[in-house]
Amino acid sequence: MGVQNSSEAGLDEKAVVAAAERALSDIALIRKEVAKVIFGQESVVEQTMLAVLSGGHALLVGVPGLAKTKLVVTLGTVLGLSSSRIQFTPDLMPSDILGSEVMDQDENGKRSFRFVPGPIFTQLLMADEINRASPRTQSALLQAMQEYHVTVAGRPNDLPKPFHVLATQNPLEQEGTYPLPEAQLDRFLLQVDVDYPELAAERQILLETTGVHEAEASAAISAARLMEIQTLIRQMPVSEKVLDAILSLVRSARPGNGVASTDKHVAWGPGPRAGQAMMLCARARALYEGRLAPSVDDVLALAEPVLQHRMALTFGARAEGMSVRDVIAGLVRQAGG
């Protein structure tokens with residue numbers, strides 16, 4: 001996942017500004033359409049959108065019934081993407097996701113194999129309760145999420161563009177589940193924690209979703225336009241101050257870099273992919289909020305969703321009742337202090 005500054009790429013700054021201003025109106029329309037269906041949950045919508053606008057994947061973690069599935073379906077509609085949903089279960093096989101080869105016979109009796117694509121061949125894939133499938137099936141997503149093609153019977157098959165995985169995970173029910181390995185978690189650009197809605201939002205949910213007619217979202221942009229915005233985000237300039245803030249924050253989350261609290265509480269920290277995710281998402285967040293360049297505040301705001309699934313605590317820290325969020329919050333306070 002390479003990242004370039006616009007100055008490095010030799011891009012026309014005026015052209016980038018003009019393209020960004022056009023993208024601002026598109027993003028405003030996207031937000032308006034999503035708000036017709038998803039009430040409250042502004043941070044969840046924002047972080048999920050940032051992952052998609054940055055060209056990556058997101059892991060949505062929350063208890064059942066918090067509109068995670070509805071959000072993914074709504075985003076597919078609003079962004080003009082084809083979408084499909086896979087309900088992960090312990091008996092799900094890799095071929096159920098990727099597809100398989102079947103034997104055909106023509107009128108002359110000649111037999112040949114034909115590849116039947118699975119539900120992964122879509123632009124927006126919802127992997128529902130991904131931790132319920134076995135590691136063998138979970139790993140079937142790894143190549144697709146990183147390389148954007150799958151190999152069946154020794155032949156690579158390209159996935160549609162753009163391709164995004166929005167996976168959900170229930171943090172409470174652990175019986176009969178298979179925790180995602182670190183290598184798979186690292187493929188997710190962001191981990192989005194989905195909490196219960198605020199009182200006003202829950203009141204609106206009750207009123208709007210129990211009548212005869214429910215609001216529906218409409219397409220705001222096309223898949224081609226989404227890819228243009230994703231390219232634009234990679235062209236947005238990043239100041240040295242923001243770059244230094246990203247490096248400082250990511251490196252402070254690793255043991256052995258001179259941060260006493262990290263050395264004491266963190267078993268292993270985020271790799272370079274965390275910094276890449278931060279670079280992209282900070283740019284996307286700036287554009288999402290109507291700005292043409294990211295700030296240090298964007299970096300600090302994204303610390304938790306970018307870092308929390310890329311770190312592990314020591315046994316001692318867990319015994320003290322600490323969480324990864326506590327450690328990140330301390331690093332953010334230190335960085336912002």
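Tyr148 is partly exposed in this predicted model, with a relative accessibility of 32%. Because partly exposed covers the range between under 20% and over 50%, that value places Tyr148 in the intermediate class. Along the chain, Tyr148 occupies the loop that links helix 5 to strand 6 (149-152). Its backbone is notable as well: phi of Tyr148 is positive, at about 60 degrees, although the residue is not a glycine. Most residues other than glycine have a negative phi, and most peptide bonds are trans.

A second positive phi is found at Glu129, where the angle is near 50 degrees, again in a residue other than glycine. Glu129 sits in the loop between strand 5 (124-128) and helix 5 (135-147). The relative accessible area of Glu129 is 21%, so this residue counts as partly exposed, given that buried requires a value under 20%.

The peptide bond between Lys161 and Pro162 concerns the other backbone angle, omega. This bond is cis, with omega at about -10 degrees. Pro162 belongs to the loop that runs from strand 7 (155-158) to strand 8 (164-169).

Gln184 presents another kind of environment. This residue is part of helix 6 (residues 182-185). Its relative accessibility is 0%, and Gln184 is therefore classed as buried, the limit for that class being under 20%. Leaving aside residues up to four places away in sequence, Gln184 is in contact with Ile130, Gln138, Ser139, Leu141, Leu142 and Met145.

Methods. Residues numbered from 1 in each chain as written. Predicted model: local features only at pLDDT ≥ 70, side-chain atom pairs only at ≥ 80, totals over all residues. Heavy atoms only, no water. Helix = DSSP H or I, 4+ residues; strand = E, 2+ residues; numbered from the N terminus. Buried < 20%, exposed > 50% of the residue type's maximum accessible area, 1.4 Å probe, protein only. Contact = heavy atoms within 4.5 Å.
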